[in-house]
Amino acid sequence: MPASKLKSLSNYRRRLKQRGVVRVEVHVRRNDAALLRGVARALSDPAVEAETRALLRERFGVAKSDGLKELLASAPLEGINMIRKRDVGRKVEL
């Protein structure tokens with residue numbers, strides 16, 4: 001690829017990154033391709049994007065991950081023994 005095309009491509013990708021757009025590649029059956037294109041089109045349309053996101057999150061439960069600390073805080077701990085015997089190591093003869 002010529003240098004001029006590489007430069008324009010990298011500029012295009014940089015602008016997309018600044019806008020918060022990422023490239024996603026999926027493999028689907030031929031019959032589902034039009035459906036996924038429609039979903040992508042609906043997510044990029046400002047008129048219906050909020051409604052589309054809400055519908056998808058409601059149906060598929062896509063939740064934002066806040067990290068390990070929040071995951072552990074929300075975990076059910078009933079019935080789990082949290083007390084551990086202190087391990088002082090083993091005796092070694094030198």
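Let me start at helix α1, which covers residues 3–18: its 16 residues reach 22 Å from the first C-alpha to the last, close to the 22 Å expected at 1.5 Å a residue. Just after α1 comes G20, and this glycine takes a positive phi of about 85°. I should say straight away that what we have here is a predicted model, so please hear every value in that light.

Stepping back to the whole protein chain, we have four helices and zero strands, and from the N terminus on the order of elements is simply α-α-α-α. As for how far we may trust the prediction, the mean pLDDT of the protein chain is 87, with 96% of its residues reaching 70 or more. Confidence is highest in helix α2, residues 30–44, at a mean of 95, and lowest in helix α4, residues 68–74, where the mean is 79.

Now to the overall form. How does the radius of gyration of the protein chain stand against that of a compact globule of 94 residues? The globule would have a value near 12 Å, whereas the protein chain has 25 Å. Along its principal axes, the C-alpha trace spans about 70 × 40 × 30 Å. One pair of residues gives a feeling for these distances: A42 and V92 are 50 residues apart in sequence, and in space their C-alpha atoms lie 67 Å apart.

That brings me to burial, where the figure for the protein chain is that buried residues make up 4% of its 94 residues. A42, which is found in helix α2, is one that counts as buried, because its relative accessibility is 18% and the cut-off for burial is under 20%. Helix α3, for its part, is hardly covered, with a count of one buried residue among its 12.

Staying with α3, which runs over residues 49–60, the distance from its first C-alpha to its last is 16 Å, close to the 16 Å expected at 1.5 Å a residue. The helix is followed by G61, whose phi is positive, near 65°.

Let me finish with the surface and the charges. The accessible surface of the protein chain comes to about 10,100 Å², and 55% of that belongs to carbon and sulfur atoms. The protein chain carries 22 positive and 11 negative charges, and the mean positions of these two sets are 11 Å apart.

Notes. Residues numbered from 1 in each chain as written. Predicted model: local features only at pLDDT ≥ 70, side-chain atom pairs only at ≥ 80, totals over all residues. Heavy atoms only, no water. Helix = DSSP H or I, 4+ residues; strand = E, 2+ residues; numbered from the N terminus. Rg over C-alpha atoms; globule rule 2.2 N^0.38 Å. Buried < 20%, exposed > 50% of the residue type's maximum accessible area, 1.4 Å probe, protein only. Areas by Shrake-Rupley, 256 points an atom, 1.4 Å probe, with all protein chains shown as cover. Lys, Arg positive; Asp, Glu negative; His and termini not counted. Charge placed at Lys NZ, Arg CZ, Asp CG, Glu CD. Expected span 1.5 Å × (residues − 1). pLDDT = per-residue confidence, 0-100.
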